[in-house]
Amino acid sequence: MHPSQNLHDTWPQEVDPTTICFSVDVEWAHPVVLDDLRRLFDEAGIVATFFITHEGVLAPGHERGLHPNFRHNGDGYQAFLTAHRAATDPLTESQAQRFVLERTLGFAPEAKGVRTHSLYSDSTLLPMYSALGLQYDCSYDMPFVGGLRPFWKTHDILAIPIYYMDHIDIMTGATDFALECLRLDRPGLKVFDFHPNMIYLNASDEAAYQASKPFYHDPERLLAARNHGRGVRTLLLKLIDHVVARRMPVARLDQINACWRKMSHDANMSYAGRN
């Protein structure tokens, strides 16, 4: 138990309570599609966290985290089955989880954080994260909840909740792609989660996004199918312009993690000094 857990209203001095964090689930996107999204951040001078799904994804100037896919029809699990096809003993779920994690970590060995594909959650993952040097988990979706802040899980894993996800927006129509519906004025950490193909398409509804799946890795066909009205791309562009114009505080998730760990460490040291 961290003594700082009892300090519910305490924030690290280095973190503004209204900080915005931009993040991306790479989702096996084509390099052209991923470069398009990264360029939007780079041209605005905004740092982001890219959760990596596959080999060869570079994000200079940004953070790389892990985006493991634990689904049994996913590439990681299928690679696990292939690697153990000669096994005589029954394969366990924990073995598969460990394999998928280690495989994904190989794509971004410096990673300190993880966001699971489909926001998969299992308490057995926490000790694995810790053992592999991962420090934070950004797989908890709490859409548009005010006052969000990181919180501690077991095995010294910091949970950083998600404030906004583009996929949920196109499924629910939560914002109508209007900047004011993001309620940026409310207090609390705001982690935004974007997906390259959805941004490239300027997706506005789930049906249109699903219709693009047959040409998911074809940038030309995706561009031809781009929505020219309001969608998640136009919303992201408005958000970027707003953040830049108002000089709103922005941080990568590894920076949030480091600040929270420093605050926890200082609280522990203070607690130990009183006893």
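**Exercise 1. Work out which salt bridges tie Arg-115 into the fold, and where its partner sits.**

Start with burial: Arg-115 is buried, at a relative accessible area of 0% (buried is under 20%, exposed over 50%, partly exposed in between, with a 1.4 Å probe and protein chains only). A quick caveat: this is a predicted model, where local features need pLDDT of at least 70, side-chain atom pairs count only at pLDDT 80 or more, and totals for chains, interfaces and linings use all residues. Residues are numbered from 1 along each chain as its sequence is written, and side-chain values use heavy atoms, with hydrogens and water left out.

Next, find the partner. Arg-115 makes a salt bridge with Asp-193, with the closest N and O atoms 3.1 Å apart (the rule: a side-chain nitrogen of Lys or Arg within 4 Å of a carboxyl oxygen of Asp or Glu). Arg-115 is in the loop between β4 and α4 and Asp-193 is in strand β9, 78 residues apart; helices (H or I, at least four residues) and strands (E, at least two) are DSSP runs numbered from the N terminus. Asp-193 is buried too, at 0%.

Last step, widen the view: shared partners join Asp-25, Arg-115 and Asp-193 into one network.

**Exercise 2. Describe Asp-156 from its backbone and from its side chain.**

Backbone first: Asp-156 has a positive phi near 60° without being a glycine. It lies in the loop between β6 (151-152) and β7 (158-159), and is partly exposed at 38%.

Now the side chain: Asp-156 meets Arg-261 in a salt bridge (2.9 Å, N to O). That pair spans 105 residues, as Arg-261 belongs to helix α10 (residues 253-273). Arg-261 is buried, at 17%.

**Exercise 3. Find the buried side of α2 and a link from α2 to α3.**

Begin with the buried residues of α2 (residues 75-83): Gly-76, Tyr-77 and Phe-80. They lie on the same side of the helix because they cover an arc of only 95° around the axis, taken from the directions from the axis to the C-beta atoms. Their cover includes α3 (93-105).

Then look for charges: Asp-75 and Arg-103 form a salt bridge at 3.6 Å, N to O. Asp-75 is in α2 and Arg-103 in α3, 28 residues apart. Both ends are partly exposed: Asp-75 at 31%, Arg-103 at 28%.

Conventions: Contact means heavy atoms within 4.5 Å.
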